Amino acid sequence: IVTKRLLEQSAEAEQSFYQIEEQLLQAKDRRREAEHARELHMLQVLGQMFSSIATRNPVATATATTAMPPARNTMESTMQPGVPMSTSVLERSFSLGTAARRGMDDILPLVKNIVPPLTTKKHKGQDGRIGIIGGYQEYTGALYFAAISALKVGADLSHVFCTKDAATVIKSYSPELIVHPVLDSPNAVEEIEKWLPRLHCLVVGPGLGRDEMLLKNTKEVIEKSKARDIPIVIDADGLWLVAQQPSVIQGYQKGILTPNYMEFTQLYEAMHHEPLDSSDHQRSAMELSVAMGNLTVVLKGEEDLITDGNKVILCRQEGSGRRCGGQGDLLSGSLGVLAHWAYTSSADMTKSVNPSVVAAFGACSLTRQCNRQAFHKHGRATTTTDRIQEISSTIKKIFES
Ligand SMILES: NC(=O)C1=CN([C@@H]2O[C@H](COP(=O)(O)OP(=O)(O)OC[C@H]3O[C@@H](n4cnc5c(N)ncnc54)[C@H](O)[C@@H]3O)[C@@H](O)[C@H]2O)[C@@H](O)CC1
Ligand SMILES: Nc1ncnc2c1ncn2[C@@H]1O[C@H](COP(=O)(O)OP(=O)(O)OP(=O)(O)O)[C@@H](O)[C@H]1O
């Protein structure tokens, strides 16, 4: 009994330590955001000064206009539960060439706002401790791709929760990942729950497989994570779980679903009990989001379609013609980090746009640009490992330029 009590006290002490640590981090984040807002304000003032100089100088004005072609056509629509949707959508697309730079005006600056500055003042973990659940023994690659992408995008720690057999394999891929071989253990939920107070975001599903026991454990971990109010990205086999039991995530505003077309069809049909009308993806994606309680849905494909049931945003960043496995894992891992950054940024930083949507647009843009760059180098031989190697330069180009 004494040992049990001591263990309980130590668990409580640990929990309050992490709560205090979280509060400190949040205070630091708020200070950081205030600094960022001041810098932005100064930049705006400088911009106004330059533009007034340019207006006084007709040659400079003409040059600027030629260098900046007109914005792409932009339309908006809204949808509320039970209200018919108009057919137009809010369209956001960009490429890194000068031609469509104005298309980045709306969402991409918000993504840039949420990317935390790199300073010497931070401690390990502050920019993100991401948990990833998946990694059935056949699909160790998927979990690795998601976890390493999270690290490379900027998380400080990437915790992988997988089966015992998958763990050794994943550890041997990379010493940078923290691997917990617990998902198939008899006390899996307790083992993972211990880590939840330290995690900023959970990514569920890459390579999870469909084993009943693993899905049951995963479901319970999702429930525990919801109670902690952390963003939860659900991909791959995690979406299969949602299609079987939508209530596991339905109505949880920090839930983000990232289906490919097949997964989307399953989810849609599970929610609506009728075949998907494949002629109007935008409408169907909004309908799914609304049916799920306005969760953010990212329908991946030739163009990525992001919706929280109120608006549809298209990410048409040029990708590549290669469709090998693992691109979705890069997307879900990156999205985990961006979701944490978006939810810890102030409403000023995201201009009150849904943080899940801002994060999703960032992750789609990043994934597609990585695809594009890797494809330019490797052509038909491009694989996900090549894409992951492009994360660093892609971040510099699209988020830090
Ligand atoms: N290296 C790895 O370990 C990888 C493992 N993966 C994992 O493998 C598991 C199963 O994923 P699958 O890719 O088999 O499941 P999917 O649901 O993606 O695909 C099922 C089938 O549908 C086909 N399909 C996919 N998209 C389609 C579309 N738009 N139109 C028509 N057909 C389409 C696919 O060719 C496949 O035969 C998941 O856990 C996933 O995370 C993948 O992430 C890929 C990489
Ligand atoms: N037809 C396409 N054209 C251009 N880019 C695409 C296309 N299809 C998918 N993508 C890009 O690849 C990303 C991953 O989408 P994909 O459909 O491959 O996911 P997935 O099937 O879940 O991947 P995984 O193999 O990891 O399970 C998308 O976000 C998108 O950026």
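**Figure 1. Residues 107-398 in the predicted model.** Over residues 107-398 of this predicted model, the chain is 48% helix and 12% strand. The C-alpha atoms at the two ends of this stretch are 12 Å apart. UniProt, in an unreviewed entry, lists residues 107-398 as "domain: YjeF C-terminal".

**Figure 2. Surroundings of ligand 2.** There are 14 residues around ligand 2. Those that come nearest are Asn-260, Lys-300, Gly-326, Gly-328 and Arg-368. By class, 8 residues of the shell are polar and 6 are charged, and no nonpolar residue is present.

**Figure 3. Polar contacts of ligand 2.** Two contacts involve an oxygen atom of the ligand. In one of them, an oxygen atom of ligand 2 is 2.8 Å from a polar backbone atom of Gly-326. In the other, an oxygen atom of ligand 2 lies 3.0 Å from an N or O atom in the side chain of Asp-304. A nitrogen atom of ligand 2 is 3.4 Å from a polar backbone atom of Gly-301. Ligand 2 taken alone exposes 620 Å², of which the protein buries 81%.

**Figure 4. The pocket of ligand 2 and its helices.** Ligand 2 takes up the space of the largest pocket. Two or more residues of the shell around ligand 2 are given by each of helix 11 (327-344) and helix 12 (355-378). Helix 11 supplies the largest share of this shell, with 3 residues.

How values were computed
Residues are numbered from 1 along each chain as its sequence is written. Chains are lettered from A and ligands numbered from 1 in the order in which they are written. This is a predicted model: local features need pLDDT of at least 70, side-chain atom pairs count only at pLDDT 80 or more; totals for chains, interfaces and linings use all residues. Side-chain values use heavy atoms; hydrogens and water are left out. A residue is near a molecule or strand if one of its heavy atoms lies within 4 Å of it. A polar contact is a pair of N or O atoms within 3.5 Å; within protein, one must be able to donate a hydrogen and the other to accept it, and residues adjacent in sequence count only if both atoms are side-chain atoms. Accessible areas come from the Shrake-Rupley method with a 1.4 Å probe; for residues, only the protein chains shown count as cover. On a 1 Å grid over the protein atoms alone, a cavity is a set of points where a 1.4 Å probe fits but cannot get out, and a pocket is an open set with protein on both sides within 12 Å along at least five of seven lines; lining residues have an atom within 4 Å of a point. A molecule sits in a cavity or pocket if more than half of its atoms lie within 2 Å of its grid points. Helices (H or I, at least four residues) and strands (E, at least two) are DSSP runs, numbered from the N terminus. Ala, Val, Leu, Ile, Met, Phe, Trp, Tyr, Cys and Pro count as nonpolar, Asp, Glu, Lys and Arg as charged, and the others, Gly among them, as polar. UniProt positions are given in the numbering used here, feature names are shortened, and annotations may be inferred rather than shown by experiment.
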